[in-house]
Amino acid sequence: MKITTDRTQLNAALQDTDRTILILFGSDGSKSAEVYSSACKAITEPFRNVFLVQNPGLLTAQEQTDWYSGDESYVALSRSQAVVEKGAIAQLCFASGKPEARKIRRVFSIADQE
Amino acid sequence: MNRQSFLIIAAITLATACATPQRGRSPANQLETALQLKELTTGNKEISLSTGNDIETKRISAHVEVDINSTIEIDFAADKVKTGSNLPDSALMSKLSEDQKDLHQTISLLSQVVEARIAAIKAYEQKKLASTPGVTVDSTTATGFITAAKEFGRLEQKLTELSLWERGTFTEEEQTRAFEDPTYHELGVLLQARLQDTENSLRAAIESANKSEAKLKLEAFLESPGASPLPIHLPGYDALEAKELQIKNNDALLMSSKERKVLEDKFTAIRGFAYQAERLRTSEASLNSALTKAGKEAAARFPEIIEKAKPILTTDWKSRGENLEAAIALFRTKIGQIPSGLAEEEKTYWTGISSGISVNLTQTIPVSDIQNLAATLTVLNQNWQKCSPETLLETIQQTQEAVTQGLAISTQLKKQGVGSAFGSWRRFSEAINTRPGEIKEETWKAVTQAAVESGLQGEIANLQETVRDIQAFTAVVNQAIQFASVNPSQVDIQVSKHFDVPLLSAPSTRLELQRTPRELNDRISFRATVSAGTETITSETVFSVRQFGWHSILAPSVILTRPVNPRSTFDQDFKFAPAIAWTYKYYPRSWEEGWLAATARFLKIGGGLHLTFLDQAPNKDTEIGIGLALSFWDDRLVTGAGLDLMDNSRTYIYIGSNLIPILQALGFGDATNAGKKP
């Protein structure tokens, strides 16, 4: 789910305490968008959600502090919305720069265990 | 210096000069450099039969003489032989083996991940449904979502963090395609294909290494005048029987009646078996009847056991293995096909199901192992059909290998259970049936029906029959093997079967002269051959069987005796008498120096006891004399002194030679010839 101006769906996901969430920060055409595209194909489990937040201004101050590591970054949240892992988007890519679905799945697998 | 002293000194000098160590020759090839031969004497003294360790300094004795009771120890330095292919690509095989192991483990883990994923999804949806007013759901499943999700996460983390993904085994494109498939179906297909490739590569590498790996063959033969060369057992390099020890010692010349009986029995058994074996070889008799008539109770049981194993040996295993493989492939194809008309989510579920079953099936049934066993059994069946005495041991060995293969497969199938392959099928079925409205029951039934129509059920029945046959085969043939492994030694088949031993793991061995029926002056030819592909290097050494060190000799001779203090004119003459002398002699090696070696070499002297029948007292019927004996030049001259035990222990002296009987044999001393007979 791409979040540009309205974060309703993000809020809904955050309210569901059975879901784990991967939030990618970046604009269209960015590396984050490529990773988002790969994640949408790989992640179809109903209890896992992927969001591409293109406007960090939609985040609360606290969320920005906790989740946001700058443009082209990501954060993985557990069912209790605790930050499981965050970092540069390159960490979810091969050395060549292409998105790596295995690493996306790995992040979710860690979040699911929290 | 008088003339006599001069002659003695000159003779000793000459004898000593002959003892100069021989220079020997340089090794003819790398193989001779690699071979280290040592003679171990009965006194545990080691004598190197070559000096130096490399091609520059090594010298090989030109004429190798060894003691009749010694052991020749044979060591081999494989690193000194550089053939084009004596080093198999162990790094490649090691990597392939590691990949194979990892892939097996990954496929197993993937199977668990797929099942855990479905369980988690199901639990999540049950939980959501549970919160919908008016809908009744499985409360246990619903409350188990967190547990299921955590288990799924745990397994998936393990899968995604495997080092396999970082080793370059898979390209970025392959990994992307595999992990972007949410059902893991693509990953299962990728792993399975890679496992197949890896196993093929490993099999090819092993076959290639077996074909091209340098092999060492060692053979030794005893060559006696007028007899065919007799193969000598070299432990680790042949299937010959180790013979009993026979120490050449004249202290025990006579053969006991028991030993004679054993020898006669053995000869009779061998002769009977050899006759039947020859009939078999010339196609006059079948193997069964030949063995039945071989006269040995144990051998007679052999055809009976082979008869029991016949149904197993005559089964077309190759075709059975191929059918099984084809059925599995067909089954995979069928379950991999997504039924038409499914909704997107149904397709997702269906690919998950097909992936899980495919992975489970492959993991459970060792198709390639069964195929290998099928090939082995086909060859084995042919070999038993044309079995001859020459190939009997080899065929037994091949059967033993087949039994080992069969046991491995049987154990694996027994452990995992054939039905377990379909456990996941049932579980998926249950999972889907409990999700009414999401996967249409009609669709599921149609697909199940298609799987039945593909002949899967029949092949499963065949597979179970195969398992039973493998178990029966291993039981029956193993019984035959246990018996057969003992039997050949009982009938003592002398088959010269020398093994090719991998050069790099060539064991040290020994040639025990005491286990051969050698005689003095026999020769032992020892041949080493290294072959790698078309390249062959050979080295041959001939050992002459001699006596060295102290040995006792029992020598009959004709002697002339005379009392020291004659009492009458009757006593004054030297009279002939038969005697036997038991003397100890020292036999020096050609390179030995010192006074003992020089004296022994020149005089060939021996000392000991003698016993003789005298004729010195006219009033005595029997006179036995006993005393000391000295022997020179291999009993050409014997002399000594003793006591006449029958005549108040009168002393006497004697002189004689072992040439006298030869003189008699030539006819001298007859009435018609010169001289008088003793």
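Glu199(B) touches Gln100(B) and Ser368(B), leaving aside residues up to four places away in sequence. I open with this residue of the predicted model and shall then turn to the contact between the two chains. Glu199(B) belongs to helix H7 of chain B. With 17 C-beta neighbours inside 10 Å, Glu199(B) counts as partly exposed, because that class lies between 12 or fewer for exposed and 20 or more for buried. There is also a distance to report for this residue: the C-alpha atoms of Glu199(B) and Ser97(B) are separated by 8.4 Å, although the two residues are 102 apart along the chain.

Let me now introduce chain A. Its secondary structure comes to 4 helices and 5 strands. Along the sequence, these follow the pattern β-α-β-α-β-α-β-β-α. Chain A has 114 residues, and buried residues make up 40% of them. As for the contacts in chain A with a separation of 6 or more, 63% are accounted for by residues 24 or more positions apart.

I come to the contact between the chains. How many residues does each chain bring to the contact? Chain A gives 20 residues and chain B gives 23 residues. On the side of chain A that touches chain B, the elements giving two or more residues are helix H2 (31–42) and helix H4 (101–113) of chain A. The largest share of that side, 8 residues, comes from H4(A). By class, the side of chain A that touches chain B has 7 nonpolar, 5 polar and 8 charged residues.

Those two helices of chain A also pack on each other. The angle between H2(A) and H4(A) is about 70 degrees, and their axes are 9 Å apart. H2(A) is therefore roughly perpendicular to H4(A), since angles of 65 to 115 degrees fall in that class. The crossing of H2(A) and H4(A) is right-handed. From H2(A), the residues taking part are Val35(A), Ser38(A), Ala39(A) and Ala42(A), and they meet Ala101(A), Ile104(A) and Arg105(A) in H4(A). The contact of H2(A) with H4(A) has, by class, 5 nonpolar, 1 polar and 1 charged residues.

H4(A) packs across the interface as well. Its partner there is helix H6 (residues 172–179) of chain B, at an angle of about 45 degrees and with the axes 8 Å apart. H4(A) and H6(B) are therefore oblique to each other. Which residues of H4(A) meet H6(B)? They are Ala101(A), Arg102(A) and Arg105(A), and the residues they meet in H6(B) are Gln175(B), Thr176(B) and Phe179(B). The contact of H4(A) with H6(B) divides into 2 nonpolar, 2 polar and 2 charged residues. I would draw attention to Ala101(A) and Arg105(A), which meet H2(A) and also meet residues of H6(B).

Next, two details of the backbone in chain B. Most residues other than glycine have a negative phi. Tyr184(B), although not a glycine, has a positive phi of about 70 degrees. Tyr184(B) is found in the loop between H6 and helix H7 (185–212) of chain B. Is Tyr184(B) buried or exposed? Tyr184(B) is buried, because 25 other C-beta atoms lie within 10 Å, where 20 or more suffice. The second case is Lys604(B), with a positive phi of about 45 degrees, and this residue is not a glycine either. Lys604(B) is found in the loop between helix H19 (595–603) and strand S15 (606–613) of chain B. With 18 other C-beta atoms within 10 Å, Lys604(B) is partly exposed.

I close with confidence. The model scores ipTM 0.96 and pTM 0.41. Chain B averages a pLDDT of 69, and 52% of its residues score at least 70. Where in chain B is confidence lowest, and where is it highest? It is lowest in helix H8 (residues 257–281), at a mean of 45, and highest in helix H5 (residues 145–160), at 92. Over residues 290–301 of chain B the pLDDT is below 50, and this stretch has 28 contacts in the model beyond near neighbours in sequence. Residues 417–422 of chain B also stay under 50, and for them the model has 9 contacts beyond four places in sequence. Where pLDDT is low, the predicted coordinates should not be read in detail.

Technical notes:
Residues numbered from 1 in each chain as written. Chains lettered and ligands numbered in written order. Predicted model: local features only at pLDDT ≥ 70, side-chain atom pairs only at ≥ 80, totals over all residues. Contact = placed C-beta atoms within 7 Å. Nonpolar A, V, L, I, M, F, W, Y, C, P; charged D, E, K, R; others polar. Axes fitted to C-alpha atoms, helices over the stretch in contact; angles between N-to-C directions. Parallel < 35°, antiparallel > 145°, perpendicular 65-115°, else oblique. Left-handed = near helix turned anticlockwise from the far one by under 90°. pLDDT = per-residue confidence, 0-100.
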